[in-house]
Amino acid sequence: LVVGLIWIAFVVSVFYMLVKGLRNTENVQVRRDLALLGTIWSTYVLQALISPDQIVLSLIGYSSAGLIAGIYLKDAPTFKLDPFIVRSVTAFVLVF
């Protein structure tokens with residue numbers, strides 16, 4: 001159950017980054033790249049819902065998700081995190 005919820009959150013976050021990236025960029029080349037990666041990602045998600053994963057298909061899907069996230073985060077605004085909060089969250093995640 002927990003793994004399923006984490007996978008759903010991952011899929012939703014990648015689609016969120018894809019839509020925000022497509023809406024926020026004016027560059028035609030970047031939009032075309034995001035559209036192609038979005039097609040690959042959507043196809044991977046649909047295939048994963050139908051049948052079990054294969055290693056090559058998982059590699060293609062997760063690579064396209066990483067490229068989408070990289071393009072989105074390249075233009076995303078940056079903000080400074082409090083080191084105490086980062087250490088606290090890391091410790092919490094490692095404990096559980």
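Contact here means heavy atoms within 4.5 Å. With that in hand, a good place to start is Gln47, a residue of helix α2. Beyond its neighbours within four places in sequence, Gln47 is in contact with Pro52, Asp53 and Leu57. Buried means under 20% relative accessible area, and Gln47 counts as buried because its relative accessibility is 18%. The coordinates behind these values belong to a predicted model.

Confidence in the prediction comes next. The mean pLDDT of the protein is 87, and 97% of the residues reach 70 or more. Among the elements, helix α2, which covers residues 28-50, has the highest mean pLDDT, at 93. The lowest mean, 79, belongs to helix α4, residues 83-95. As a general caution, where pLDDT is low, the predicted coordinates should not be read in detail.

The overall fold is easily summarised. The protein has four helices and zero strands, and along the sequence the pattern reads α-α-α-α. The radius of gyration is 16 Å, well over the 12 Å that the globule rule gives for 96 residues, so the protein is more spread out than a compact globule. Along the principal axes, the C-alpha trace spans about 40 × 35 × 20 Å. Of the 96 residues, 21% count as buried. The accessible surface comes to about 7400 Å², and carbon and sulfur atoms account for 73% of that surface. As for contacts between residues at least 6 apart in sequence, 66% of them join residues at least 24 apart.

The surface also carries a nonpolar patch of about 420 Å², made by Leu36, Ile40, Val56, Leu57 and Ile60. Helices α2 and α3 (55-75) each supply at least two residues of this patch, and the largest share, three residues, comes from α3. One member of the patch, Leu36, sits in helix α2. Exposed means over 50% relative accessible area, and Leu36 counts as exposed because its value is 54%. Another member, Leu57, has already appeared above as one of the contacts of Gln47. The buried Gln47 is thus a contact partner of a residue that helps to make the patch.

Two further residues fill in the picture. Tyr72 belongs to helix α3 and is partly exposed, with a relative accessible area of 22%. Tyr72 and Leu34 are 38 residues apart along the chain, and their C-alpha atoms are separated by 9.2 Å. With neighbours within four places in sequence left aside, Tyr72 is in contact with Tyr16, Met17, Lys20 and Gly21.

Arg31, in turn, is found in helix α2. Its relative accessibility is 39%, so Arg31 counts as partly exposed. Not counting residues up to four places away in sequence, Arg31 touches Leu22 and Thr25. A C-alpha to C-alpha distance of 28 Å lies between Arg31 and Ile55, two residues that are 24 apart in sequence.

Taken along helix α2, the residues described here include Arg31, Leu36 and Gln47. Their classes are, in turn, partly exposed for Arg31, exposed for Leu36 and buried for Gln47.

Technical notes:
Residues numbered from 1 in each chain as written. Predicted model: local features only at pLDDT ≥ 70, side-chain atom pairs only at ≥ 80, totals over all residues. Heavy atoms only, no water. pLDDT = per-residue confidence, 0-100. Patch = residues over 30% accessible without salt bridge, like charges linked within 9 Å, V, L, I, M, F, W, Y side chains within 5 Å. Areas by Shrake-Rupley, 256 points an atom, 1.4 Å probe, with all protein chains shown as cover. Salt bridge = Lys/Arg side-chain N within 4 Å of Asp/Glu carboxyl O. Buried < 20%, exposed > 50% of the residue type's maximum accessible area, 1.4 Å probe, protein only. Rg over C-alpha atoms; globule rule 2.2 N^0.38 Å.
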